[in-house]
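Welcome! Here is a short briefing on the empty spaces inside a protein model, and on the chain that surrounds them. Please have a look at the structure first.

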Amino acid sequence: MARALPPHTWENGFKKPIEASATPWVWKDEQDDDPDSFVTPPSKELLTSTAHNHVGINVIRTWPTLFDGTNNPHGTPDWWRPADEVDVLIVGAGPSGLEVALSLARQGVSFRIIDKAPTPLTAGRADGVQPRFLETVATWGLASEIAEEGPLIERTAIYLDGKKLLFNRSHQCDSRYRGLHVITQGQIERIFIRDLARHKSLVERERILSNYTVEDQGDYPVRATVKNERTREENTVRAKYLVGSDGAASTIRKSLSIPFDGVSTDIYWGIMDCVFETDYPHAWVFGSVISSKHGGCVIIPREDGYIRLYTQLDVSQTGPIAAARQQSDASFAEAGGRVEIETVTPEEVLEQANRIFAPYKLKFAAPLSWFAIWKISERVARSYSSPDMRVHLVGDAAHVHSVMGAFGLNASILDAANLAWKLGLAAKNLADPQVVLPTYGLERREHAVRVIEVSGTYLRFVTGSAMPVPNLRDFDALESTPKTNGHRTNGHTNGHTNGTTNGHANGANGHVNGADSNSKQVHIHVPSTSGSVDSPPRTQEDVLQFLGKFFQAHGQFLLGVDCPYATSPLAPQTASPLSSPPPVKLNNGVRAPNPRLCFSDNHTGYLYDLFEGPPKFHIVVFGSSLKGQQVRSNVAAFSSALSSKTGFWTRFGGQERFTVTVVIKRMPFEAGNDKILEELKEKAGAKVVFDDRQPDEDAHTTYGANHTKGGVVVIRPDLWVGVTAFPDEVEEKIGGYFDGFLVPV
């Protein structure tokens, strides 16, 4: 939210504003003297911006008893009893750290989460979530609350030198969530923190990790010293695994001597969340305004008439801000030089925005909700994990990049969702950690590199920068084996690791301006698939051609659904079928599609709605009409295999580890008492659903399922395809897949 919620009443059945000084949320009953009756906890108003405009100041209302964890002014609740030995210690309670915690909580995996900051993020930072983000949090039961908070981006407008270049429908995808949903990072953190409280977990505030060691033996080899910065007290926490979600300046990453390869650009953004008075016709439409002379602006519409305005700044000696300073500041006119970035004011950013928007004009129409100056760095950690797989990096600790595409928050949840189910299985000795945990970096680093390429290419288009995009794929150039300097031998860190929340305590941008001492300023190139050129396009024809190629190549990636993972034991090479057609026309290691289905006479939904959250694997059987002799025989063979005392189903825990969904081309009333379906329900708790949509959009077509022989798809806990098979290839393909990494129970 951009500001403190104004008071309203619902007395007439709808939301209606009331007197600004009213506090309808405060319960008062003068006649109630019962000491156990509900009392509204005290609220607190916080400034949302470190800089202000002439209109005034902006505040947000918060409740410390709900959101401030161990900094609750009333003390910690009786139910909170942190253990000295836990499965996972999470350092940093920004989105990525909280997301790891949410997943672990649902798996029954013990954890503690610490953070240097005294409160959650107040305002600013990330501003939107992709459909894949929402599909992920839907498995945790949190998607609707997040998706309904702000507007959905449905239109895009692009102006070049004051003229409309493009006004069209925004790129969307087949996800139920369609496109980019706007919500602030602070609001997401509060949603996550409330959820953790429901699981009897609190963020331990104003705590830092002062040092840690990793021993060679024992059930809890990570020995960490956690320091309370308020009381100066220290205590020891033993853990099986350590997760570093401590931001772009991660000292956990530095303690492992993992290089942070890439570049620091010379591109600065001035960022303002505000209501603007303007004659620009698409002020509340997502898009870009580009000036060939002055750079670019990006507009993101928010709630209540607010917009987030990114404005490219030229702070060089010859830039317009410097020229304006020389006219108004005698001392600067005498001394000259580059503008110190921390001295740039909201008024100067607004002046620069007006240069870019010309001939249109912008004025402040409300106090600033947030103001920041952001320098873009594009870096990826060379490794996401320690060699012994006991320490892992997520979020900004592993990658930083341009704001273009809203990838920071959205990449972090894919990191967290990918890592957490693997940690959960490893911590419970249900999977081989030396098989599953190395796949985390293998899968997620590749995604981060593509983020750098895609967002970096669009950044250079908007800003007119000819700076090449860093090439972070060339491991020979990166010297792929990081030096450990003996740190993993004795396990000690070089100094102090803080629990800061993805950059909360690192200034406005949260991105390191320079590399780690052993990072490489790598060879750089422009990816051939991006449509980028050495000098960004500026004629109308060139720009339209660039946009067409760019969104054709990357539109689905920008929504999170185009994200294939590399070949590994968790996503084997897609097999070429010995006979054609295959069981399903779907590659291993890609997002599992989420088609609509009929659940019963009175209920429809999506395939994902049937899945339980991590750490369960989802086995989806496509049975066509279940009337053809071969498909019926194959599905019967699948059912029979689940009864085997030595089969994968029994070996790895049955319904404790797997869900089974059978998709058939029948109406609910046609299923009757089919013997095969009834057996699957009894043996595996199978859910039978009905694929009754028209053939060009049904689930069988979506998955390319084989109607003659049937097909089986194993979907991982993070909703990626693991492996596919015919229904009668149970032990050969499905059992063999799980034998590769699961541990028999």
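**The spaces in this model**

The largest pocket holds about 860 Å³ of space. Please keep in mind that the model is a predicted one. Besides pockets, the model has two cavities of 30 Å³ or more. Rolling a probe the size of a water molecule over the atoms shows where empty space is left.

**The largest pocket**

- To find this pocket, start from Val403, Met404, Gly405, Ala406 and Phe407, the lining residues that lie nearest its centre.
- In total, 47 residues line the largest pocket.
- Several strands each supply at least two residues of this lining: strand 8 (155-160), strand 9 (163-169), strand 17 (286-291), strand 18 (295-301) and strand 23 (399-400).
- Helices take part as well, with helix 10 (407-427), helix 12 (438-463) and helix 15 (540-554) each giving at least two residues to the lining of the largest pocket.
- Sorted by class, 24 residues of the pocket lining are nonpolar, 19 are polar and four are charged.

**The largest cavity**

- The volume of the largest cavity is about 70 Å³.
- Its lining is made up of Ser103, Thr136, Thr139, Trp140, Ala417, Trp421, Pro614, Pro717, Asp718 and Leu719.
- By class, that lining has six nonpolar residues, three polar ones and one charged one.

**The second largest cavity**

- This cavity has about 40 Å³ of space.
- Around the second largest cavity you will find Phe67, Asp68, Gly69, Ile193, Leu196, Ser201, Leu202, Val203 and Arg205.
- Helix 5 (185-198) and strand 11 (203-205) each contribute at least two residues to the lining of the second largest cavity.
- Five residues of this lining are nonpolar, two are polar and two are charged.

**The chain as a whole**

- The protein chain has 21 helices and 31 strands.
- Out of its 745 residues, 59% count as buried.
- Take the contacts between residues at least 6 apart in sequence: 75% of them join residues at least 24 apart.
- The accessible surface of the protein chain is about 29900 Å², and carbon and sulfur atoms account for 48% of that surface.

Conventions. Residues numbered from 1 in each chain as written. Predicted model: local features only at pLDDT ≥ 70, side-chain atom pairs only at ≥ 80, totals over all residues. Heavy atoms only, no water. 1 Å grid on protein atoms, 1.4 Å probe; cavity = no way out; pocket = protein on both sides within 12 Å on 5 of 7 lines; lining within 4 Å. Points joined across faces, edges and corners; volume = space filled by probe spheres on them. Helix = DSSP H or I, 4+ residues; strand = E, 2+ residues; numbered from the N terminus. Nonpolar A, V, L, I, M, F, W, Y, C, P; charged D, E, K, R; others polar. Buried < 20%, exposed > 50% of the residue type's maximum accessible area, 1.4 Å probe, protein only. Contact = heavy atoms within 4.5 Å. Areas by Shrake-Rupley, 256 points an atom, 1.4 Å probe, with all protein chains shown as cover.
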